[in-house]
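Got the viewer open? Let's take a walk through the aromatic side chains, one selection at a time.

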Amino acid sequence: MEEHTNLLGLPKIAAIIFLFFAPVSFLAQDQSLKFLEKKIASESFESVGVFDVNNDKILDLISGSYWYEGPGFLVRKLIGQSDRFGEYYDDFATIPMDINGDGKVDYVTGAWFKENLRWYENLADGNEWPEHIISETGNIETLRAWDINKDGVKEIVPNTPNDSLTIYQLVLDENNKGTSVFKAYKIFGKHGHGLGYGDLNGDGRGDFIVAEGWLEAPENPFRDKWVFHQEFKLGKASVPIIVADINKDGLKDFIVGQGHDYGLHWYEQKRKTIKKASDWVKHGIDSENSQFHTMEWADLDGDGINELITGKRYRAHNGKDPGNNDAYGIYYYKWNGKNFTKHIIAYGVFGETKGTGIYFEVIDLNGNGSMDIVVAGKDGLYVFYNQGY
């Protein structure tokens, strides 16, 4: 008797078994974007930034000890030797800023082991870039930059799990150029693993999310007191935690991954009293994968709606995290009005796929109007060129 097959090309019983055990990624009904994968280097730095190093109006890649000249990224030039501690390079972000006001883009990074925040001065002359210490901070998990006071210049905010949450503001001169000097504003004490920023309560000011609650911004963020609301416990949360109105109900929600365990979730905000306190309803996005340490929120398909781009940080704790030996990859999740559907960008085992590091970029790298993904990690430096549908 002839056995009928289906769209999966499987016998009926096999298809039922497949769908029952299939990970979330196979259940997405909408069409997936295609990406062209290009390996840039086999280095194991975990952060990559994208900016124009040599002022030729072409984007370059900056990762660890090197920068790679665009548009082909075949020419590699030395920035300086990065400190290594076991499997880690002590370089946990790549945030571009013209810090000394000389018209060349420098970058800020931070160190877990040497416990400092520092910047590297772009000489753009072929010599190694001088290192400048901004502050002795305690262990830095990673850092991000947000425009806290809305003056058009981003502030630097490290996630220092064992120490105080501090904002670092670049001091500008009368021409609005950087002076190489930073002012530090301590706004909270020990705040745990994880950090996000966005206007949670709709007052027009950006608030911080930390591991066990959120900090409500005052009118003057560098002078007045930030109010802590202990409304949830997020574990060893991702950096960043994404703040967005996911379900378009007028209230800001947030997305958080587990940086050193299984789980990716979004928390729906619901007002519960006339005093505008909030309830948070936890919704699953992906429970099948671990080490969602970093993520980005960007419009990959050009429809005006952002997608969540994330993946597994490869060997986040050097083999000691739950799920470390699972298959892994990079994914994007698209909101369909009710929940998130998962789409695979890369997936497999080591040597055949790519995961994330601790800091990556989603940017139009080649100027064709589509957002590409530039990602580093202990498994190499790659570009994923967005090819559309």
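Start by selecting Lys-342 and Tyr-331: the lysine lies over the face of the tyrosine, 4.0 Å from the ring centre. Keep in mind as you click around that this is a predicted model.

Next, pick Arg-76 and Tyr-66 for another charge over a ring. The charged end of Arg-76 sits over the Tyr-66 ring, 3.9 Å from its centre. Leave Tyr-66 selected and add Phe-45, Tyr-68 and Tyr-89: together with Tyr-66 they make up one aromatic cluster.

Now for ring pairs. How many aromatic pairs are there? With ring centres within 6.5 Å as the cut-off, the count comes to 27. One to look at is Phe-254 with Trp-280, a tilted pair at 5.2 Å centre to centre, with 55 degrees between the planes. Show the strands as well, and you'll see that this pair links distant parts of the chain. Phe-254 belongs to strand 21 (residues 253-257), while Trp-280 belongs to strand 23 (residues 278-290), and the two are 26 residues apart.

Are these two rings' residues, Phe-254 and Trp-280, buried or exposed? Phe-254 has a relative accessible area of 0%, so it is buried. Trp-280 comes in at 14% relative accessibility, so it counts as buried too.

Last stop: select Trp-335 and Phe-340. This aromatic pair is edge-to-face, with 65 degrees between the planes and 5.1 Å centre to centre. Turn on the surface here: Trp-335 counts as buried because its relative accessibility is 15%, and Phe-340, at 8%, counts as buried as well.

Methods. Residues numbered from 1 in each chain as written. Predicted model: local features only at pLDDT ≥ 70, side-chain atom pairs only at ≥ 80, totals over all residues. Heavy atoms only, no water. Phe/Tyr/Trp six-rings, centres within 6.5 Å; stacked < 30°, edge-to-face > 60°. Helix = DSSP H or I, 4+ residues; strand = E, 2+ residues; numbered from the N terminus. Buried < 20%, exposed > 50% of the residue type's maximum accessible area, 1.4 Å probe, protein only. Lys NZ or Arg CZ within 6 Å of the ring centre and 35° of its normal.
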